[in-house]
Amino acid sequence: MPRNYDYIIVGAGSAGCTLANRLSADPSIRVLLLEAGPRDWNPFIHMPAGLAKLVNFKSLNWNYYTEPEPALNNRRLYWPRGRVLGGSSSINAMCYARGHRSDYDDWAALGNPGWSWEEVLPYFRQSENQARGESELHGVGGPLSVEDLHYVNPLSDVFIQAAEQAGFARNRDFNGPTQRGFGLYQVTQRNGRRCSSAVGYLRPAKSRPNLTVLTGALTLGLEFRGSDRVNGVRFRRRGFTQTAIAEREVLLAAGAINSPQLLMLSGIGPAPMLETAGVSVRHELSEVGRNLQDHLDICTLTRCSQPITYDQLSEIRVGLRYFLHHEGEGTSNIAEGGGFLVSGRGRADRPDVQMHFVPALLDDHGRNRLPGDGYTLHACPLRPESRGYLALRSDNPRQPIAIHPNYLSEAEDLEMMLECVRLSRQVLMQPAFKPFRGHEIYPGNDITSRDGLIEFIRTKAETIYHPVGTCRMGSDPHAVVDPELKVRGIEGLRVIDASIMPTLVGGNTNAPTIMIAEKAAELILGQAKLMTSREAPARSARAA
């Protein structure tokens, strides 16, 4: 027998946990939150440095791979995405970055009223509990705890000194008045522990009687009433297929891969693709799964001549110190330092390259353990021109969708990747690193020609985990969702996650995704109040 709720949220990641908290704060609203993965029980989730271990826990990760990428030597790139309460906010590096204010003004200019920087800033502020205190740009008292790092490796300070020697400014707050510059990242932590969306948003709300949270629940598809209204979902849990009814709306918050896949499995998407996959077309939306964007990243790895990196740490000693006192190296997010800089190839008024510095050797997402000590500098172009797409393989919800990022399909993106290598080397060759510098492992001291560096990029470039755009928001007839995040042509259905971003933001995507959900919750609750006020006269008339 189907159970009825007001709202059903699919996906308990950054957006889903935010929605669950905000909507269920009204005790009259019944909310169901569905998550395909398990509870966030694993202690390495909550220990910040434990992220290096999480790659080994397949149960917490969708473990996606792209299709062979033509511009990257036909490699299939590994795309880890969180499959656990908190989603990717439970397995990421916790860097708190909002992007550049012009990114949101661009969204508004593309036909999305209500999404300019001045209009989204209040939602960033209300989500945040900033350890440094309240300001015009920062909030306190919000569910998402944002702190300075409790422990910093000495090499991260060396990195920032080197950036200054290379002519770049120091920046204490990448989310302050100016994004440009180098410094230490603030992190989504609370007292040295990870503050995922599950910890910050879901944990305080889980005891509410009007909120039901089901883990291990794989959503199979949407249920419809009539041809164009969604009124529930089908999901598989503990070996049984169940149906839940949403009397108001279904909210897809399953991420840039799974939200478009669920639309397609339910007959909403590009008609030729759906028909080829054996899915009956209910409503054609040609851009579902299109407009895929991601930050492609290239790493420069250098051998360290002193044993001060995280490569040779005693895991037992670090673990004991952390779990007994919540201090020491275990509180590090590993990617401690970074920077935003202007390459000279883009707009002069905003950074177009981001860096993350890791005082350890990090190769192939940490899955390839290199011997010895070293340090790694990530660099990625912030606004790639290449666009990819997702392709439904079949009508089987358990079969992963085909991911075609089309990295470097636009010539300018390759030029920007070459610029990333050049800038990385420029910083790493500064005098500050001289006491620690060994030989360059990747690309290698002998790789200096354009052709050699291009081959290095094609062989070693990887995602830095920021896929967006596959359910693009807009006011034009081809957009998947409108500026209120309602799916075009379908009643009772919204998409609320990183897939709605029309363009990539210039930075990490977790904080912007939470902002999107904060704004969406307000839109939904405002509409709910309007609906209630309209229903009140009818109820009074029936009572009379």
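Q: Leaving aside its neighbours within four places in sequence, which residues is Ser-116 in contact with?
A: This is a predicted model, to start with. In it, Ser-116 touches Tyr-104, Asp-105 and Ala-108, once neighbours within four places in sequence are set aside.

Q: And where is Ser-116 found?
A: Ser-116 sits in the loop between helix H4 (101-109) and helix H5 (117-127).

Q: Is Ser-116 buried or exposed?
A: Buried: its relative accessible area is 14%, and the cut-off for buried is under 20%.

Q: Which side chain does the Ser-116 side chain make a polar contact with?
A: That of Glu-119, with a polar contact of 2.7 Å between the two side chains.

Q: OK, over to Thr-309. Where is the place of that one?
A: Thr-309 is in a loop too, the one between strand E16 (296-304) and helix H10 (315-325).

Q: Buried or exposed?
A: Thr-309 is buried, at a relative accessible area of 4%.

Q: What is Thr-309 in contact with, leaving aside neighbours within four places in sequence?
A: The list is Asn-153, Leu-155, Cys-304, Pro-359, Ala-360, Asp-373 and Gly-374. Take Pro-359: 50 residues separate it from Thr-309 in sequence, yet the C-alpha to C-alpha distance is 5.2 Å.

Q: Which polar contacts join the side chain of Thr-309 to other side chains?
A: There's one of 2.8 Å to the side chain of Asp-311, and one of 2.7 Å to the side chain of Asp-373.

Q: Switching to cysteines, how many disulfides does the count come to?
A: Zero.

Q: Why no bond for Cys-17?
A: Because the closest cysteine sulfur, in Cys-195, is 11 Å from the sulfur of Cys-17, too far for a bond. Cys-17 is also buried, at 0% relative accessibility.

Q: What about Cys-380, which cysteine sulfur is closest there?
A: The one in Cys-420, at 6.5 Å, and that's too far for a bond as well. The cut-off is within 2.5 Å. Cys-380 has a relative accessible area of 0%, so it counts as buried.

Q: Now pockets. How much space lies in the second largest pocket?
A: About 330 Å³. It is lined by 19 residues, and Arg-350, Asp-352, Arg-383, Pro-384 and Glu-385 are the closest to its centre.

Q: Which elements give two or more residues to that lining?
A: H4 and helix H11 (411-428). H11 gives the most, with three residues.

Q: How do the residues of the lining divide into nonpolar, polar and charged?
A: For the second largest pocket, 11 are charged, five nonpolar and three polar.

Key:
Residues are numbered from 1 along each chain as its sequence is written. This is a predicted model: local features need pLDDT of at least 70, side-chain atom pairs count only at pLDDT 80 or more; totals for chains, interfaces and linings use all residues. Side-chain values use heavy atoms; hydrogens and water are left out. Helices (H or I, at least four residues) and strands (E, at least two) are DSSP runs, numbered from the N terminus. Buried means under 20% relative accessible area, exposed over 50%, partly exposed in between (1.4 Å probe, protein chains only). Contact means heavy atoms within 4.5 Å. A polar contact is a pair of N or O atoms within 3.5 Å; within protein, one must be able to donate a hydrogen and the other to accept it, and residues adjacent in sequence count only if both atoms are side-chain atoms. On a 1 Å grid over the protein atoms alone, a cavity is a set of points where a 1.4 Å probe fits but cannot get out, and a pocket is an open set with protein on both sides within 12 Å along at least five of seven lines; lining residues have an atom within 4 Å of a point. Grid points are joined across faces, edges and corners, and a volume is the space filled by probe spheres set on the points. Ala, Val, Leu, Ile, Met, Phe, Trp, Tyr, Cys and Pro count as nonpolar, Asp, Glu, Lys and Arg as charged, and the others, Gly among them, as polar.
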